[in-house]
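Here is a protein to explore together, step by step. Take a moment to turn the structure around before reading on.

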Amino acid sequence: MASQLQTSCPASWWTIGVCILAAALLPGLQAQTVIVNDTVSGFIGTDVVLHCSFTNLLPNVKITQVTWQKATNGSKQNVAIYNPAMGVSILSPYKDRVTFRNPSFKDVTIQLSRLELEDEGVYICEFATFPTGNRESQLNLTVLAKPTNWMEGTTRPLIAKSGRTEKILVATCTSSNGKPPSTVTWDTKLKGEAEFQEIRNSNGTITVISRYRLVPSREAHRQQLMCVVNYQLDRFTDSMTLNVQYEPEVTIEGFDGNWFLNRKDVKLICKSDANPPAHTYEWKLPNGTLPGSVEIQNNTIYFKGPVSYSVAGTYICEASNAIGTRSGLVEVNVTDKPLPQGAPGGIIGIVGGVIAAALIIGVAVTVFIVYRRQQKNRAETDSDLTDLPPSHKPAPPPKRKQEMKSHLTAEDIQVVHLDNMKHEEEIQKLPLQTPYYDMSAAEPSPYSDKLNSGNKDCDVHYAELDTSALASSPSPRTSIHAGGDLVEYATIQPSLR
């Protein structure tokens, strides 16, 4: 900082001495400090304390006076003065509201009582010292204003009308003269909308107004509407229950569908949901007059004596209140005999459901048991077949001709030569092969062993040999039939065992 002071001094010889003197006094300036609060706040009507203390590490510096000031529109206004020689002085308009707590040259804390909105601003604590001059610090005082909150409902009646879409004012919530402004919300299940307005007052406070509007309906009747105001850490709530007027909604009770001849003590009751309640009920038939055996008492029509066919018809009840008139009807029919009285529908449904569930479970269990038994039987059969010797195992079913041909190769066909004289004799010596599904241990023939050993992949089983075909064949080739299917042409090896 000393270097900054030196560079800022004009380049003239007569000012060099002043700059050097200021640089020499700079350590003394750093040794003197005025300590105050950064910010102070309080509500209107309460008291606040403005702290101010002075740290002086230079023994040769003398304090001559301490002054509290308020900055107003760029100027300073004295609030309180402490002078060791002349005492304490409080200036107007703070004369009755400002006091020094324990005035000294080290601490000049004051108390400002009964805060007013005009007290808000910047306050300066200034120490006059010699020979170093004045030292000061400033703080900000904020004055808070707690608002006044209330809620009021509209004086206009809320009337629900069919086809109405206009939203009308239901309630108003106000938070008046708050500083800072409050936050206003609505807590309700109603399907309305809220609008907000802020008004800045001349004294610096703010008034917040919220209005709630909706379309009156039957569903909105007796619903709660709550206003919620949040200010600082305070919470204000107020609520009201809506009173919506609507015309009657009419229903008729008493007819159970079982009015039969000579039944006694039957009646019809007209009930209405209305606000205000219905004050007039009127019974009538659309095509005629009421039977002479009926008696009407307010909203109930009584049928005297036993029921007859003349009681049947369409009964209409009209209910009226201050909002309007609406009607309801019921179709009454009379039967010759009482309808059979069975178990209540609910019980029948429950019993039927239980029976159906039991049947489904039983079928599922049965299918599961049958399936498990089949699986077990198959497993046992496979195990038995595995234990049998190869000669006792049933041969697999013959493959089709095309499949057999696809597995035969040139190496599987052996070409042998026979003498013409021994051809028929050797063929007659060949024994017949066992049937396809014969489980007995048959003696294998030399011819079948020879052919099977050369063509294991074809799974061919020979049932018989067509000797007539061999005898009539002009050549030593023959055709062999397996299970009735033509298999292949081959020649017979002469050295048959």
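The paragraphs below start with the whole protein and then visit a few of its residues.

Keep in mind from the start that this is a predicted model. The secondary structure comes to 7 helices and 30 strands, in a protein of 497 residues, of which 31% are buried. Look next at how the chain meets itself: among the contacts with a separation of 6 or more, 60% are between residues 24 or more positions apart. On the outside, about 31,400 Å² is exposed, and carbon and sulfur atoms supply 53% of that area.

Now let us go inside. In soluble globular proteins, nonpolar side chains tend to be buried together. The largest nonpolar core here has 29 residues, and the members that touch the most others are Trp68, Val108, Tyr123, Cys125 and Phe127. Phe127 is a good one to zoom in on. Leaving out residues up to four places away in sequence, its partners include Val34, Phe54, Ile63, Val66, Phe105 and Val108. Polar residues are on the list too, among them Ser53, Gln65, Asn134 and Arg135.

A little further along the chain, the peptide bond from Phe130 to Pro131 is cis, with omega near 10°. Pro131 sits in the loop between β10 (121-130) and β11 (133-144). Just before β10 comes another loop, which follows β9 (110-112) and holds Arg114. The phi of Arg114 is near 45°, a positive value in a residue other than glycine. Is Arg114 buried or partly exposed? Arg114 counts as partly exposed because its relative accessible area is 45%.

Strand β14, residues 168-178, is the next stop, and Ser176 lies in it. Ser176 has a relative accessible area of 12%, so it is buried. Apart from residues up to four places away, Ser176 touches Pro147, Thr148, Asn149, Trp150, Ile206 and Thr207. The side chain of Ser176 also makes a polar contact of 3.2 Å with the side chain of Asn177. Asn177 is found in strand β14 as well, but its relative accessible area is 34%, so Asn177 counts as partly exposed. Asn177 has a phi near 55°, a positive value in a residue other than glycine.

Move on to strand β22 (residues 266-275), where you will find Asn275. What does a polar atom of the Asn275 side chain lie 2.6 Å from? The answer is the backbone oxygen of Val244. Asn275 is buried, because its relative accessibility is 14%, which is under the 20% cut-off. Beyond its neighbours within four places in sequence, Asn275 is in contact with His221, Asn243, Val244, Gln245, Tyr246, Asn321 and Ile323. A cis peptide bond, with omega about 0°, joins Asn275 to Pro276. Pro276 belongs to the loop between β22 and β23 (280-284).

Finally, come back to the surface and find helix α3, which spans residues 345-387 and includes Val365. Val365 has 41% relative accessibility, so it counts as partly exposed. Which residues form a nonpolar patch on the surface with Val365? They are Ile361, Phe368 and Ile369, and the patch has about 370 Å² of accessible area together. So nonpolar residues can be found in the core of this model and also in a patch on its surface, as a look at Phe127 and then at Val365 will show you.

Technical notes. Residues are numbered from 1 along each chain as its sequence is written. This is a predicted model: local features need pLDDT of at least 70, side-chain atom pairs count only at pLDDT 80 or more; totals for chains, interfaces and linings use all residues. Side-chain values use heavy atoms; hydrogens and water are left out. Patches are made of residues with over 30% relative accessible area and no salt bridge: like charges are joined within 9 Å, nonpolar side chains (Val, Leu, Ile, Met, Phe, Trp, Tyr) within 5 Å. Accessible areas come from the Shrake-Rupley method with a 1.4 Å probe; for residues, only the protein chains shown count as cover. A salt bridge is a side-chain nitrogen of Lys or Arg within 4 Å of a carboxyl oxygen of Asp or Glu. Helices (H or I, at least four residues) and strands (E, at least two) are DSSP runs, numbered from the N terminus. Buried means under 20% relative accessible area, exposed over 50%, partly exposed in between (1.4 Å probe, protein chains only). A nonpolar core is a set of buried Ala, Val, Leu, Ile, Met, Phe, Trp, Tyr and Cys residues joined through side-chain atoms within 4.5 Å. Contact means heavy atoms within 4.5 Å. A polar contact is a pair of N or O atoms within 3.5 Å; within protein, one must be able to donate a hydrogen and the other to accept it, and residues adjacent in sequence count only if both atoms are side-chain atoms.
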